[in-house]
Amino acid sequence: MDYLQLMLYLTDVDENTHCFSISPESVNNPILDRDSQLERDGSVDVHGLAGPIVLFNIALLHTATVRATQRERKTVQAYYGHRFRPFLSNCSVIPPRFWRNSSDSEVRAFYGNLNDTSRAFQPAFLLAG
């Protein structure tokens with residue numbers, strides 16, 4: 001599995017709100033194009049109370065399902081990649097307590113693959129100590 005994503009719902013999500021949707025795949029089935037995948041396995045909307053997480057392979061067909069609603073869907077999302085490959089997303093900031101300040105060299109190495117956003121904030125992090 002190349003890349004993982006973790007999504008944590010911070011608000012309740014149901015059939016009346018925006019939600020995360022995924023087309024489930026089995027490791028035993030062949031990888032299909034988008035339309036064939038949806039025809040074979042469909043799509044599942046992930047609903048639940050605030051608190052549960054969804055951990056998934058980002059290679060799977062997935063999306064945010066948007067609905068007409070006045071309620072916000074709030075999430076925290078973390079992307080897990082490989083330290084010797086390009087970063088996966090610019091939608092996050094890696095705190096210096098992981099990539100610079102940790103006493104554990106493995107933690108520093110794991111989080112040390114900084115994305116462009118973290119690099120842009122680096123001068124502010126250096127001032128913060």
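**Entry 1: a cut-off, and A59**

I call a residue exposed when its relative accessible area is over 50%, buried when it is under 20%, and partly exposed in between. With that settled, I looked up A59 in this predicted model, and found it in the loop between β4 (53–57) and β5 (62–65). A59 has a relative accessible area of 65%, and because this is over 50% I wrote it down as exposed. I also took the C-alpha to C-alpha distance from A59 to I31, two residues that are 28 apart in sequence, and noted 10.0 Å.

**Entry 2: the chain as a whole**

I then stepped back to the overall fold, where I counted 4 helices and 6 strands, arranged along the sequence in the pattern β-β-α-β-β-β-β-α-α-α. For the radius of gyration I noted 18 Å, whereas a compact globule of 129 residues would have a value near 14 Å. Taken along the principal axes, the box filled by the C-alpha atoms is roughly 50 × 40 × 20 Å.

Of the 129 residues in the chain, 20% are buried. The exposed surface of the chain comes to about 8,600 Å², of which carbon and sulfur atoms supply 56%. When I considered contacts between residues at least 6 apart in sequence, I found that 75% of them join residues at least 24 apart. For the charges, I recorded 12 positive and 14 negative ones in the chain, with mean positions lying 11 Å apart.

**Entry 3: Q5 in strand β1**

Near the start of my list was Q5, which lies in strand β1. Is Q5 buried or exposed? Its relative accessible area is 4%, and because the limit for buried is under 20%, I count Q5 as buried. The side chain of Q5 makes a polar contact with the side chain of Q77 at 2.5 Å. Leaving out residues up to four places away in sequence, I found that Q5 touches V54, L55, F56, I58, H62, Q77, A78 and Y79, so Q77 appears both as a polar partner and in the list of contacts.

**Entry 4: T17 in the loop after β1**

Next I followed the chain into the loop between β1 (4–9) and β2 (19–22), which holds T17. Although T17 is placed in a loop, its relative accessible area is 0%, and it is therefore buried. Which backbone nitrogen does the side chain of T17 reach? I found that it reaches that of D14, at 2.9 Å. Apart from its neighbours within four places in sequence, T17 is in contact with D12, R67, T69 and R71.

**Entry 5: the two ends of α1**

At the N-terminal end of helix α1 (residues 34–41) I found D33 acting as a cap, with a side-chain oxygen 3.2 Å from the backbone nitrogen of D35. After α1 comes G42, and for this residue I noted a positive phi, near 70 degrees.

**Entry 6: V107 in α3**

My last look-up was V107, which I placed in helix α3 (residues 105–111). At 26% relative accessibility, V107 falls between the limits of 20% and 50%, so I entered it as partly exposed. Setting aside neighbours within four places in sequence, I found V107 in contact with F98 and S102. V107 and P96 are 11 residues apart in sequence, and their C-alpha atoms are 11 Å apart in space.

Key. Residues are numbered from 1 along each chain as its sequence is written. This is a predicted model: local features need pLDDT of at least 70, side-chain atom pairs count only at pLDDT 80 or more; totals for chains, interfaces and linings use all residues. Side-chain values use heavy atoms; hydrogens and water are left out. Helices (H or I, at least four residues) and strands (E, at least two) are DSSP runs, numbered from the N terminus. The radius of gyration is taken over C-alpha atoms; the globule rule is 2.2 Å times the number of residues to the power 0.38. Buried means under 20% relative accessible area, exposed over 50%, partly exposed in between (1.4 Å probe, protein chains only). Contact means heavy atoms within 4.5 Å. Accessible areas come from the Shrake-Rupley method with a 1.4 Å probe; for residues, only the protein chains shown count as cover. Lys and Arg count as positive and Asp and Glu as negative; His and the chain ends are not counted. The place of a charge is taken as NZ of Lys, CZ of Arg, CG of Asp or CD of Glu. A polar contact is a pair of N or O atoms within 3.5 Å; within protein, one must be able to donate a hydrogen and the other to accept it, and residues adjacent in sequence count only if both atoms are side-chain atoms.
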